[in-house]
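Let's take a friendly walk through this model together. Have your viewer ready, and keep the two levels of detail, chain and interface, in mind as you read.

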Amino acid sequence: MEAADIAFVVICAAMVMLMTPGLAFFYGGMIRVKSALNMLMMCFIATGISSVLWVLYGFSLAFGDSVNGEGGGIIGNLDFIGFKGMLGVEGSETLLTFAVFQLMFAVLTPALISGALADRVKFSAWAVFIAVWVSIVYFPVAHWVWGDNGWIGGLEIDGHEVIDFAGGTAVHINAGVAALAAVLVIGKRIGFKKDPMRPHNLPMVLLGAALLWFGWFGFNAGSELAANGTAALMALNTMVATGTAVLGWLAYERIRHGAYTTLGAASGAIAGLVAITPSGANVNPMGALLIGLVAGAVCAWAVSLKYKLGFDDSLDVVGVHLVGGIIGTLLVGFLAIDGAGGFAQFTLQAAAAAAVMAYSFVVTWIIAKIIDVTIGFRSSEEEETAGLDQAYHAETGYDFSQTGTGSVTVASSVPATTQTAAGDKKVDA
Amino acid sequence: MKLITAVIKPHRLDEVKSALQAFGVHGMTVTEASGYGRQRGHTEVYRGAEYTVDLVPKIRLEILVEDDDAEQLIDVVVKAARTGKIGDGKVWSVPVEEAVRVRTGDRGPDAL
């Protein structure tokens with residue numbers, strides 16, 4: 001790898017890192033005030049868990065040589081376990097650059113799922129879920145799509161190959177369908193469809209969306225792993241598709257609900273970013289405009305499905321990431337430049353999407369079910385009603401009054417007698 | 001003495017405050033309140049889910065005055081708070097038996 005490419009990709013990695021806290025704000029602002037911190041933490045904890053697993057065995061499973069030899073790789077071998085043999089060898093700068101960049105994807109992808117489960121799961125159970133999910137869903141799927149020998153990357157019809165530039169299947173469809181499987185196991189929030197569940201801080205949602213948008217340039221352009229024309233095209237398309245997606249969502253809302261909402265603009269941006277992720281390096285800017293517009297308008301409609309079909313996807317991970325990911329993955333089948341677009345390409349795209357959906361849905365459902373019957377996935381009714389912030393984090397997000405929300409006593413600041421709020425409660429449920 | 005209570009639109013607070021200061025009122029208590037009258041609530045839409053918000057934000061003003069000033073002061077508040085649109089609020093007065101200034105122990109009109 002050239003020095004310029006290393007510099008570009010490492011900076012892109014830092015930008016992708018910022019997407020996880022960005023996502024935390026995006027989701028955190030949408031949640032009710034009593035579980036705002038829990039929402040932030042559900043995203044943020046992924047930085048820790050995925051980093052540890054990545055070094056121990058994640059990178060090896062995702063990007064080691066396939067265990068089953070030539071063609072049709074299912075999972076990587078354990079050659080890189082603990083990053084052994086990766087330092088001080090020829091090409092180690094390429095391996096390490098790729099490893100740090102891809103680690104950010106392994107952090108973000110499970111964090112995406114948290115929005116669906118928001119406001120009703122135990123924090124400890126969620127942490128276990130992330131660890132198991134990245135190990136047996138994300139790492140293998142990343143290998144299928146991006147591994148040198150991965151079976152989805154190796155699919156071919158008449159010389160066409162699957163196009164998934166930055167993670168439409170491996171990241172967004174994967175996380176979106178996992179979100180659906182998980183909410184089907186854990187069930188609805190208390191009061192779903194009855195109580196108002198208003199976003200508690202829309203400026204925070206917009207800030208989070210902006211951070212995601214910024215970081216997404218690293219996510220998308222950096223996936224080229226080189227500072228070149230393809231990376232530049234991807235960056236341009238990332239901008240324009242997202243712009244039209246904002247317009248698409250707002251137009252749908254104006255017609256259907258009569259207002260241009262802030263939440264709609266933020267959501268439209270994310271829908272556009274999701275849809276351009278797999279497709280942006282293989283379409284021209286006109287194609288990107290179209291993909292963004294379709295993603296914005298269709299996702300604006302898709303978020304209403306949870307009420308019609310009765311699954312409680314709290315923050316619309318299915319409606320935005322699954323639907324947006326499918327739109328981008330399928331549309332590039334027709335819109336791909338250099339003569340690639342057409343029926344053969346579309347069929348390949350659909351096959352890749354279907355394979356990831358089937359695997360991720362079934363395995364995620366099983367993981368969630370096992371967690372639910374063993375340690376229990378859901379919060380108690382009391383914890384859910386009172387708010388998860390106090391139940392698991394012994395904190396409240398905002399001090400609404402000058403005197404605080406609880407009684408402030410001198411004793412509570414003395415370590416030896418800190419037996420107040422947190423002390424007699426089982427904080428780590 | 002009388003206690004004048006006014007429930008008004010939040011954005012009229014500055015107008016009402018200036019009008020009362022011009023009238024010569026020395027102090028008041030302001031509380032953020034919520035409620036509804038004929039205005040009822042309004043509808044909000046989040047990703048297509050419509051919520052009816054019954055209680056709208058209001059400001060509750062409380063002013064202690066001498067009996068002779070009460071009628072005129074009510075007029076001042078009403079004039080300053082009025083926008084002419086539904087939801088402008090209400091003003092009422094009740095008799096007050098006793099008032100004490102905590103610092104000095106002054107009672108009655110001297111405490112105002």
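The paragraphs below go from conventions to chain A, then chain B, then the place where they touch.

This is a predicted model, in which local features need pLDDT of at least 70 and side-chain atom pairs count only at pLDDT 80 or more, while totals for chains, interfaces and linings use all residues. Residues are numbered from 1 along each chain as its sequence is written, and chains are lettered from A and ligands numbered from 1 in the order in which they are written.

Start with chain A. An unreviewed UniProt entry places the feature "domain: Ammonium transporter AmtB-like" at residues 7-398 of this chain; such positions are given in the numbering used here, feature names are shortened, and annotations may be inferred rather than shown by experiment. That span is 70% helix and 1% strand, and its end C-alpha atoms lie 40 Å apart.

Now turn to chain B, which has two helices and six strands (DSSP runs numbered from the N terminus: H or I of at least four residues for helices, E of at least two for strands). Along the sequence, their pattern is β-α-β-β-β-β-α-β. The C-alpha trace of chain B spans about 60 × 25 × 20 Å along its principal axes.

Where do the chains meet? Six residues of chain B are in contact with 13 residues of chain A, contact meaning that C-beta atoms, placed from the backbone, lie within 7 Å. On the chain B side, strand 3 (residues 42-46) gives the largest share, three residues.

Terms used:
Contact = placed C-beta atoms within 7 Å.
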